[in-house]
Amino acid sequence: MTISPLIAGNWKMFKTCSEAVKTAKRIAELAKDITDIDIMVAPPFTAIEAVSEALLSINSRVRVGAQNLFYKSEGAYTGEISANMLKSAGVSYVIVGHSERRQYFGETDDDVRKKIGAALESNLIPVMCIGETESEKKEEKTFYVLDKQIENGLKGLRSNELGTLVIAYEPVWAIGTGNTASPNEAESVHRYIRAKIAKMFDNKLSEGIRILYGGSVKPDNISELMSHHNINGALVGGASLDPESFIKIIKYNK
Ligand code: PGA
């Protein structure tokens with residue numbers, strides 16, 4: 001099965017609404033001839049609707065993602081945003097369980113599981129982030145950590161519901177540090193993740209699932225990462241903020 005690659009930009013807590021619209025429009029313009037790669041940008045909540053409208057008005061293939069959601073559909077949950085609210089603001093993808101959310105906001109695998117369920121119910125494509133910390137890596141616990149994150153994050157969900165799920169392997173020690181996992185190292189972890197999905201669910205799901213790599217992806221390391229069979233795209237932080245560098249990542253095969 002061939003998997004169409006996804007290059008996704010996570011803008012984190014950067015850009016005002018007008019800055020986000022300007023950046024998204026520039027990316028759309030630079031990417032207007034690209035048809036073989038799916039592209040997503042995830043602005044802060046305050047810019048989502050404006051960015052969606054701007055991209056829609058120019059018929060862009062660039063899709064909008066959110067960086068988080070809450071799993072309840074509505075209610076007295078001050079400060080939270082539901083899947084339906086995102087959907088109605090033009091969102092297609094939602095990042096779930098990013099390591100910064102796990103680290104600074106106490107997000108657990110149980111939250112991740114509920115959020116993935118809520119996203120799927122609203123027809124949003126969840127991008128589930130997993131990855132080990134530096135100390136877990138030093139203690140050689142990478143696979144143990146990934147097993148737990150995958151098992152608990154996807155517990156109770158059925159294969160036929162998970163057809164759109166994207167997994168992003170983001171070693172925490174590589175995020176924003178300039179230290180990328182070597183492409184071979186990333187490939188072997190991605191292979192492990194795919195096999196784990198086959199074991200937990202079935203071959204059909206595992207063969208079609210997109211597994212992105214994230215953590216200091218830059219224009220100069222993307223091609224080698226993408227040359228590996230099990231690396232189906234990238235979740236890019238810092239290098240997605242500037243359209244000129246993000247487009248080089250998107251055009252990794254040109
Ligand atoms: P980075 O962030 O590319 O700046 O390392 C990646 C991410 O956090 O998704």
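Which residues line the largest cavity? In this predicted model, the lining is made of Gly-97, Ser-99, Arg-102, Cys-129, Ile-130, Gly-131, Gln-149, Glu-170 and Val-172. Two elements, α4 (99-105) and β5 (125-130), each give two or more residues to that lining. The cavity has a volume of about 30 Å³. A search of the whole structure finds one cavity of 30 Å³ or more. By class, its lining holds three nonpolar, four polar and two charged residues.

## Pockets

The largest pocket has a volume of about 350 Å³. Its lining includes Asn-10, Lys-12 and Met-13. Pro-44, Phe-45, Gln-67 and Asn-68 also belong to the lining of this pocket. So do His-98, Glu-100, Arg-101, Tyr-104 and Phe-105. Which element gives the most to this lining? The answer is α4, with four residues. The classes here are five nonpolar, four polar and three charged.

The second largest pocket has a volume of about 270 Å³. It is lined by 13 residues, and the closest to its centre are Thr-2, Ile-3, His-229, Ile-231 and Asn-232. Six residues of this lining are nonpolar, five are polar and two are charged.

## The ligand

The ligand has 13 residues around it. Lys-12, His-98, Glu-170, Gly-176 and Ser-216 come nearest. Two of these names also appear in the lining of the largest pocket: Lys-12 and His-98. Glu-170 is another of the nearest residues, and Glu-170 also lines the largest cavity. By class, the shell around the ligand has four nonpolar, seven polar and two charged residues.

Backbone atoms make polar contacts with ligand oxygen. The table gives three of them.

| Residue | Protein side | Ligand side | Distance |
|---|---|---|---|
| Ser-216 | backbone N or O atom | oxygen atom | 2.7 Å |
| Gly-237 | polar backbone atom | oxygen atom | 2.8 Å |
| Gly-238 | polar backbone atom | oxygen atom | 2.9 Å |

How much of the ligand's accessible area does the protein cover? On its own, the ligand has 280 Å² of accessible area, and the protein covers 97% of that.

## Positive phi

Most residues other than glycine have a negative phi. Lys-12 and Glu-140 are of interest on this point. Phi of Lys-12 is near 50°, a positive value. Phi of Glu-140 is near 60°, also a positive value in a residue other than glycine.

Both sit in loops. Lys-12 is in the loop between β1 (6-10) and α1. Glu-140 is in the loop between α6 (134-138) and α7 (142-154).

Is each one buried or exposed? Lys-12 counts as buried because its relative accessibility is 19%, and the cut-off for buried is under 20%. Glu-140 is exposed because its relative accessible area is 73%, and exposed means over 50%. Lys-12 is thus a loop residue with a positive phi, and one of those that come nearest to the ligand.

## Other loop positions

Ile-37 lies in the loop between α1 (17-30) and β2 (38-42). Is Ile-37 buried or exposed? It is buried, with a relative accessible area of 1%. Ile-37 and Ile-3 are 34 residues apart in sequence. Their C-alpha atoms are 9.9 Å apart in space. Ile-3 is also among the residues closest to the centre of the second largest pocket.

Ser-182 is placed in the loop between β6 (166-169) and α8 (183-200). Its relative accessibility is 32%, so Ser-182 counts as partly exposed. From Ser-182 to Ile-247 there are 65 residues along the chain, and the two C-alpha atoms are separated by 22 Å.

Asn-160 is found in the loop between α7 and β6. What is its relative accessibility? The value is 68%, so Asn-160 counts as exposed. Asn-160 and Glu-29 are 131 residues apart along the chain. Their C-alpha atoms are separated by 36 Å.

Conventions
Residues numbered from 1 in each chain as written. Predicted model: local features only at pLDDT ≥ 70, side-chain atom pairs only at ≥ 80, totals over all residues. Heavy atoms only, no water. 1 Å grid on protein atoms, 1.4 Å probe; cavity = no way out; pocket = protein on both sides within 12 Å on 5 of 7 lines; lining within 4 Å. Points joined across faces, edges and corners; volume = space filled by probe spheres on them. Nonpolar A, V, L, I, M, F, W, Y, C, P; charged D, E, K, R; others polar. Near = heavy atom within 4 Å. Polar contact = N/O pair within 3.5 Å; in protein donor to acceptor, adjacent residues only side chain to side chain. Areas by Shrake-Rupley, 256 points an atom, 1.4 Å probe, with all protein chains shown as cover. Buried < 20%, exposed > 50% of the residue type's maximum accessible area, 1.4 Å probe, protein only.
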